[in-house]
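Here is a short, friendly tour of a protein model, with a look at two side chains, a hairpin and a pocket. Have the viewer open as you read.

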Amino acid sequence: MGNPIVGALEIIGIRDKGILDKERLLLRVLEPVKLENYVVINVKSTNGDKLTILNDKVFWFPVLLVNSGEYIRLYTKSGSYEKETGKYGEVPAIFHDFYWGLDVPIWDSVKSNAVTIFKLNTWNTAYLT
């Protein structure tokens, strides 16, 4: 069984859970993608397939076109977007690093033990006067 796929993104997994300076979500891009169409939320899985949407942590990716074969790392900590060249295993790779801006880890198996990614097809904003 392969990794979960949402649209053009493959969910590789959460790395270094519970360690704020290292905790991150790792995604692989399967085809060119506009990241602004994707939203990440933390969830709690209980009783098998039942998910509790916590609604307290939401990350909406900014406007950016990412190419097939590149990787996305969403760090829990604060920071600024960076594009890096490195390796995934022994293979050369390009990483797009994003930062959630939180001051505590969220994937520590107590607060949250799963991730849900939504691919948005459309949205609209209403400005209140």
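A polar contact here is a pair of N or O atoms within 3.5 Å, where, within protein, one must be able to donate a hydrogen and the other to accept it. Please keep in mind that this is a predicted model.

With that cut-off in hand, start at His 96, which lies in strand E10. Which residue does the side chain of His 96 meet in a polar contact? The partner is the side chain of Glu 70, at 2.6 Å. Is His 96 buried or exposed? Because buried means under 20% relative accessible area, His 96 counts as buried at 2% relative accessibility. Its surroundings, leaving aside neighbours within four places in sequence, include Leu 64, Val 66, Tyr 71, Ile 72 and Tyr 81. Charged names appear in that contact list too, among them Arg 73, Glu 82 and Lys 83.

Strand E10 (residues 91-99) has a partner in strand E9 (residues 82-88), and the two pair in the antiparallel sense over seven bridges. Within this pairing, Gly 86 stands opposite Ala 93 in E10. Two residues sit between the strands of the hairpin, and Gly 89 takes a positive phi near 70° there.

A second buried side chain to visit is Glu 23, found in the loop between E2 and strand E3 (24-29). Glu 23 has a relative accessible area of 0% and is therefore buried. Not counting residues up to four places away in sequence, Glu 23 touches Ile 14, Leu 74, Tyr 75, Pro 105 and Trp 107, among others. Asp 108 is also on that contact list; the C-alpha atoms of Glu 23 and Asp 108 are separated by 9.3 Å, although the two are 85 residues apart along the chain.

The two side-chain polar contacts can be set out together:

| Side chain | Partner side chain | Polar contact |
|---|---|---|
| His 96 | Glu 70 | 2.6 Å |
| Glu 23 | Thr 76 | 2.6 Å |

Finally, the largest pocket. It holds about 160 Å³ of space, and its lining includes Pro 4, Ile 11, Gly 13, Val 115 and Thr 116. Strand E1 (5-6), strand E2 (9-15) and strand E11 (114-119) are the elements that give two or more residues to this lining. Which of them gives the most? That is E11, with four residues. By class, the lining has eight nonpolar, two polar and no charged residues.

How values were computed:
Residues numbered from 1 in each chain as written. Predicted model: local features only at pLDDT ≥ 70, side-chain atom pairs only at ≥ 80, totals over all residues. Heavy atoms only, no water. Pairing = 2+ DSSP bridges. Buried < 20%, exposed > 50% of the residue type's maximum accessible area, 1.4 Å probe, protein only. Contact = heavy atoms within 4.5 Å. 1 Å grid on protein atoms, 1.4 Å probe; cavity = no way out; pocket = protein on both sides within 12 Å on 5 of 7 lines; lining within 4 Å. Points joined across faces, edges and corners; volume = space filled by probe spheres on them.
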